[in-house]
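User: Could you take a close look at one part of this model for me? I would like to understand the sheet and what is packed around it.

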Amino acid sequence: MSEAITREMMAQRFRSFLPVVVDLETGGFSAERDAILEIAAVTLTMDSEGNLMPDATYAYHVQPFTGANVEQSALDFTGIKLDDPLRQRVALSEAEALGEIFRPVRKAIKAYGCTRAILVGHNAAFDHGFLNAAVNRCGIKRNPFHPFSSFDTASLAGLVYGQTVLARACRAAGIPFDNQEAHSARYDTERTAELFCAIVNRYKDLGGWALAQREQGLEDI
């Protein structure tokens with residue numbers, strides 16, 4: 001498959017949307033009130049057989065915004081230590097972290113001839129809500145992600161594997177999952193990306209994508 005055809009397949013596969021996997025670790029459940037503590041994104045690509053696969057990972061520690069709430073229960077759950085010297089040295093402001101995430105996402109959108117990104121997440125509404133709230137707080141005008149549409153791997157994994165918990169869904173898909181590494185944005189995003197690719201590729205291998213292509217007149221692309 002030539003680079004041009006791969007590019008066309010990526011653009012056609014999700015209706016000109018480029019799936020980008022995102023995970024955030026937060027200080028609670030309120031997108032407006034609670035801090036974002038970590039953010040990670042994995043861009044996706046396609047091989048010569050038309051299989052979706054993870055490409056690059058971008059992950060950052062984030063400084064709580066001024067006045068943000070951080071619940072101790074959230075820190076206990078994630079294991080994040082706000083006073084860790086290394087974290088304090090490398091943590092970015094929300095605006096800086098979003099800029100670092102959005103820059104390669106925009107580049108990937110352009111490279112694959114897509115119109116915008118679509119967020120992929122495990123329980124995607126949670127991450128999407130926090131992302132949109134941070135975009136609004138930072139006054140970012142060019143958010144590369146669709147404002148409300150997303151792909152939820154919890155729902156997709158429930159359909160395909162009968163599992164909705166990330167660790168169990170990954171194991172059902174044959175993806176190793178280390179519970180000791182879980183609840184960091186980087187680790188969860190990378191496992192979610194592998195899970196999403198496994199689901200999409202399994203559908204293709206079972207003939208579902210070929211059928212969809214025929215019905216849409218895309219079989220020669």
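Analyst: Happy to help; below I go through the sheet, then the helices across it, and then the spaces and loops around them.

Please keep in mind that this is a predicted model. The sheet is open and built from five strands, in the order β3-β2-β1-β4-β5, with mixed pairing. Its edge strands are β3 (52–61) and β5 (145–152), each of which pairs on one side only. Ignoring direction, neighbouring strands are turned against each other by 30 degrees on average.

Let us start with β2 (36–46). This strand is mostly covered, with 11 of its 11 residues buried. On one side β2 pairs with β1 in the antiparallel sense, over seven bridges, and within this pairing A40 of β2 is the bridge partner of D23. β2 also pairs with β3, again in the antiparallel sense, over eight bridges; here A41 has Y58 in β3 as its bridge partner. The hairpin of β2 and β3 has five residues between the strands, and G50 in this hairpin takes a positive phi near 85 degrees.

At the other end of the strand order, the pairing sense is parallel: β4 (residues 116–121) and β5 are joined over four bridges. V120 stands opposite F151 in β5. As a general reminder, strands of a sheet pair through backbone hydrogen bonds, either parallel or antiparallel.

Now for the helices that lie across the sheet. Helix α8 lies across β1, β2, β3, β4 and β5, and runs at about 30 degrees to β2. Helix α6 (residues 153–161) lies across β4 and β5, at about 25 degrees to β5.

Both β1 and α8 also take part in the largest pocket, so let us turn there next. This pocket has a volume of about 630 Å³. It is lined by 26 residues, and the closest to its centre are E25, F77, F126, H183 and D188. At least two lining residues come from each of β1 (17–26), α2 (72–78), α5 (124–138), α7 (166–172) and α8 (185–205). β1 supplies the largest share, with five residues. Sorted by class, the lining holds 11 nonpolar, 10 polar and five charged residues.

H183, one of the residues closest to the pocket centre, deserves a second look. You will find H183 in the loop between α7 and α8. Its phi is positive, about 75 degrees, although H183 is not a glycine. The relative accessibility of H183 is 28%, which is why this residue counts as partly exposed.

A182 is found in the loop between α7 and α8 as well. Is A182 buried or exposed? It counts as buried because its relative accessibility is 11%, and the cut-off for buried is under 20%. Leaving aside neighbours within four places in sequence, A182 is in contact with F177, Y187 and D188. D188 is also among the residues closest to the centre of the largest pocket. The C-alpha atoms of A182 and A167 are separated by 8.5 Å, with the two residues 15 apart along the chain.

There is enclosed space to consider too. The count comes to two cavities of 30 Å³ or more. The second largest holds about 30 Å³ of space, and its lining consists of I36, I39, V62, E94, A97, L98 and A134. The elements giving two or more residues to this lining are β2 and α4 (94–111), with α4 providing the largest share, three residues. By class, this lining has six nonpolar residues, no polar ones and one charged.

Finally, look at the stretch that leads into β1. Helix α1 (residues 3–13) has T6, M9, M10, A11 and R13 as its buried residues. R15 lies in the loop between α1 and β1, and takes a positive phi of about 55 degrees although it is not a glycine. R15 counts as exposed because its relative accessible area is 63%, and the cut-off for exposed is over 50%.

To pull the picture together: β2 has 11 of its 11 residues buried, and it pairs with β1 and β3. α8 lies across β1, β2, β3, β4 and β5 and contributes at least two residues to the lining of the largest pocket.

Definitions and conventions:
Residues numbered from 1 in each chain as written. Predicted model: local features only at pLDDT ≥ 70, side-chain atom pairs only at ≥ 80, totals over all residues. Heavy atoms only, no water. 1 Å grid on protein atoms, 1.4 Å probe; cavity = no way out; pocket = protein on both sides within 12 Å on 5 of 7 lines; lining within 4 Å. Points joined across faces, edges and corners; volume = space filled by probe spheres on them. Nonpolar A, V, L, I, M, F, W, Y, C, P; charged D, E, K, R; others polar. Buried < 20%, exposed > 50% of the residue type's maximum accessible area, 1.4 Å probe, protein only. Pairing = 2+ DSSP bridges. Axes fitted to C-alpha atoms, helices over the stretch in contact; angles between N-to-C directions. Contact = heavy atoms within 4.5 Å.
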